[in-house]
Protein chains: 2
Amino acid sequence: MIAEKMVGYVKNSSLIRAMFEEGKKMAAIYGAENVYDFSLGNPSVPAPKELEDAIREIISGEDSIFVHGYMNNSGYEDVRKTVADSINRRFGTKFDQGNIIMTVGAAGGLNVIFKTLLNPGDEVITFAPYFGEYRSYTTNYDGVLVEVSPNYETFQPNLKEFEEKITAKTKAVIVNTPNNPTGVVYSEETIKEMAAIMEKKQKEFGTDIYLVSDEPYRELVYSGVEVPYLTKYYANTIIGYSFSKTLSIPGERIGYLVIPYEVADSEMVISAANVANRILGYVNAPSLFQRVVAKCIDAKCDVEAYNRNRELLYNSLVEMGFECIKPEGAFYLFVKSPTEDEMIFCNEAKKHNILIVPGRSFGCPGYVRIAYCVAYKTIENSLPGFKKVAEALI
Amino acid sequence: MIAEKMVGYVKNSSLIRAMFEEGKKMAAIYGAENVYDFSLGNPSVPAPKELEDAIREIISGEDSIFVHGYMNNSGYEDVRKTVADSINRRFGTKFDQGNIIMTVGAAGGLNVIFKTLLNPGDEVITFAPYFGEYRSYTTNYDGVLVEVSPNYETFQPNLKEFEEKITAKTKAVIVNTPNNPTGVVYSEETIKEMAAIMEKKQKEFGTDIYLVSDEPYRELVYSGVEVPYLTKYYANTIIGYSFSKTLSIPGERIGYLVIPYEVADSEMVISAANVANRILGYVNAPSLFQRVVAKCIDAKCDVEAYNRNRELLYNSLVEMGFECIKPEGAFYLFVKSPTEDEMIFCNEAKKHNILIVPGRSFGCPGYVRIAYCVAYKTIENSLPGFKKVAEALI
């Protein structure tokens, strides 16, 4: 028999992933062009040309044993330096390679940092709506995920409730901005208030509270919006970054952690994260793609394509009568369900081969997430279906 | 402060990895050609030519969004079918893609399967000498690693003690053949006896005992030695494979699990392993390299190069008076220390810039591991140093 803990995980297994699988089945039945799968955050824009050039250059020009071999568990020194330099250049920080640990995507990085920090029973606070996997990443290490309820007006964090929920057991706070599923970017004002609350509570309880920032969508912002770099606002900040969305390579599993020297017990945290990266079985981030991202450190996929999708879908849905905050980043719309139970909305959409994810997967029932990282044509072709859903439910 | 569990992990952090880092520092001081680093199992033979051809073909010929995108958490269906077909062709088994989960190397696969199976306090039995990381992979899930002491004559498993150590809490047995650190291949006779003992104990306790076979060295065998395919001898067998050594790509983190339908509760185990692969933060095995290994499924690095190293080092050391079983596979010699405390041997070797790993890292003090996956010239140049060590200690 499998582990008892896993029984629960399997039962509550990711609805998003289940829909992704269902979408593939539906595509086989109805034809891919007749299924409008908005379920998964799988980039629809190809990787930038620089990426394929980089792969070719590396395998032609560098030694096979070096490119595909083991290196320090934290990653190649030169790659980590390139990453640190890039962050410093863009955000005015002062990191060096010792602050960077290359990881198996942001998901790998978050697991590494929670393994590093959490004792059983330690609390991790997150703000609803939030990426559902945070619950697993926390309970993997016997931590307890504490949800702060949504601020429905702006989907900025609910800071009053946040302050109330910090306890002596709060070990970490995890934020995700630009946010999955809302597309909201936390404002500088929000970040400053949040930092002040955490500083105050650290003093009150005599504890260290680490702010963990999950940043796969940092580069996916529209209309010139700035995303504050959190290490500049709060000393105990650790960044988990992924190149999945920036370079359209989510399958390659490549990202990094930034652990500043300003973090409490930084030397221990950095050493332990290096060890955690190894013993969790990652061993190291994939070697070729470490070298590839270093060569493409300033490259980006075609963010404008997502912007076009955003404009079309947002404007169309609002015109049909749906309610939604206009996202400033990421590639999701978080739409208020016309029915109190958003499953009715999801099921009605499915009648028209439209797959969308219920908000309860993000700790926010009554809403749905629509991932618009799809072909422009898919959005165009889905609109008559959305129109019928609107007619049925609004 | 970091997690209490991590304090211990950091303190007892891998001696092998520490030596690898020390070797790089020594190389910077003395020149790489004057340091004989036998510490790490990092392949010294380049990846086969097919591998680079496969990379070029895939990035030129296949859709970027497909190649670098998300797929089923267990891996691309066609890749898993190719893997299953290859195993069936070579070993006469009857697997299909449903039995295969692509993983982040064998280390990732072992973590997935222990996460899937272990309840806190469950016991995992291993045979000394063994790869030290098994301890972390077990304790990551609050399991207890139970060591069976070495059989110093043959380094085949000590089956009498094995039988005595199986209890009602034994959830898994992990074997590694060809073995790290001894290079010994467990014989068919050994496997049959081991299977009979486990069958008997399963009946006695009314439990399921899973045999987990860690197989990164399966393809690295010499003189035509056969490595039995364990699923054919014991129904409850799960294989963890890695392409790291076969294709000389340990940094790329690509391997797979085989979970046969004959395994107890196979449907649950397969579902849970799929979920564990996701929630542990691997999400999926690196996508490009899934497609690469499928294209190179029958390719191998130049095993003959390792065989030449084996012959030179084994014959030279034995001639100098060292005692050692001649390895039939992998790329390690496990040499008896001339001094009872093998640290004296290691330190004496280090005086001559020779880095070797004490046997205590493998649960077998009094021995040392010499990883001969190095350039032939490195072995040649190290021999005068070994000779001086022999003169000092034997």
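# Notebook: strands, sheet and dimer contact

I started at strand 7 of chain A and found that A:I238 there is the bridge partner of A:V212. The model is a predicted one.

**Entry 1, strand 6 of chain A.** I followed A:V212 back into its own strand. Strand 6 of chain A covers residues 210-215, and six of its six residues are buried. I then sorted the side chains by direction. A:Y210, A:V212 and A:D214 point one way, A:L211, A:S213 and A:E215 point the other way, and all are buried. That list includes A:D214 and A:E215, and I noted both as buried.

Next I looked up the neighbours. Strand 7 of chain A (residues 237-242) pairs with strand 6 of chain A in the parallel sense, over five bridges. Strand 5 of chain A (residues 170-175) also runs parallel to strand 6 of chain A, and four bridges join the two. On that side, A:V212 is the bridge partner of A:I174. So much for the partners of A:V212: I have A:I174 from strand 5 of chain A and A:I238 in strand 7 of chain A.

I also checked the connection. Strand 5, helix 9 (residues 188-205) and strand 6 of chain A form a β-α-β unit, and the unit is right-handed.

**Entry 2, the sheet.** I asked in what order the strands of the open sheet in chain A stand. The order is 2-8-7-6-5-3-4, seven strands with mixed pairing. Strand 2 (100-103) and strand 4 (144-148) of chain A are at the edges; each has a single partner strand, so one side of each lacks a neighbour in the sheet. Direction ignored, the average turn between neighbouring strands of this sheet is 20°.

I took the edge at strand 2 of chain A. Strand 2 and strand 8 (residues 255-258) of chain A run antiparallel and are joined by four bridges. A:M102 faces A:Y256 of strand 8 of chain A, standing opposite it. Helix 5 of chain A (residues 77-91) lies across strand 2 and strand 8 of chain A. Its direction is at about 115° to strand 2 of chain A.

**Entry 3, strand 10 of chain A.** I moved to strand 10 of chain A, residues 332-336. Four of its five residues are buried, so the rest of the structure largely encloses it. I looked up two pairings. Strand 9 of chain A (residues 323-324) pairs with strand 10 of chain A in the antiparallel sense, over two bridges. There A:C324 stands opposite A:V335. Strand 13 of chain A (residues 367-371) also runs antiparallel to strand 10 of chain A, joined by five bridges. There A:K336 stands opposite A:Y367.

**Entry 4, A:D37.** I asked whether A:D37 is buried or exposed. A:D37 has 22 C-beta neighbours inside 10 Å, and therefore counts as buried; the cut-off is 20 or more. A:D37 lies in strand 1 of chain A (residues 36-37). Leaving out residues up to four places away in sequence, A:D37 touches A:G23 and A:L355. I also took one long distance. From A:D37 to A:I270 I get 40 Å, C-alpha to C-alpha, with the two positions 233 residues apart in sequence numbering.

**Entry 5, the two chains.** I superposed the copies. A rotation of 180° with 0.0 Å of shift along its axis brings chain B onto chain A, at an RMSD of 0.0 Å. The two copies are thus related as by a two-fold rotation axis.

I then looked at the contact. Chain B gives 67 residues and chain A gives 67 residues. Several helices of chain B each supply at least two residues to the side that touches chain A, among them helix 1 (4-11), helix 2 (15-30) and helix 11 (287-295). Helix 10 of chain B gives the most, with eight residues. By class, that side of chain B has 34 nonpolar, 22 polar and eleven charged residues. Of the interface residues of chain B, 100% are also interface residues in chain A, so the copies meet through the same surface.

**Entry 6, helix 11 of chain B.** Helix 11 of chain B was on the contact list, and I checked its burial. Eight of its nine residues are buried. Among them are B:L288, B:F289, B:R291 and B:V292. I asked which elements the buried residues of helix 11 of chain B pack against. They pack against helix 3, helix 4, helix 5 (77-91) and strand 2 (100-103) of chain B.

How values were computed:
Residues numbered from 1 in each chain as written. Chains lettered and ligands numbered in written order. Predicted model: local features only at pLDDT ≥ 70, side-chain atom pairs only at ≥ 80, totals over all residues. Contact = placed C-beta atoms within 7 Å. Nonpolar A, V, L, I, M, F, W, Y, C, P; charged D, E, K, R; others polar. Buried ≥ 20, exposed ≤ 12 C-beta atoms within 10 Å, placed from the backbone. Pairing = 2+ DSSP bridges. Right-handed = clockwise from strand over helix to strand, strands pointing away. Least-squares fit on C-alpha atoms with pLDDT ≥ 70 in both. Axes fitted to C-alpha atoms, helices over the stretch in contact; angles between N-to-C directions.
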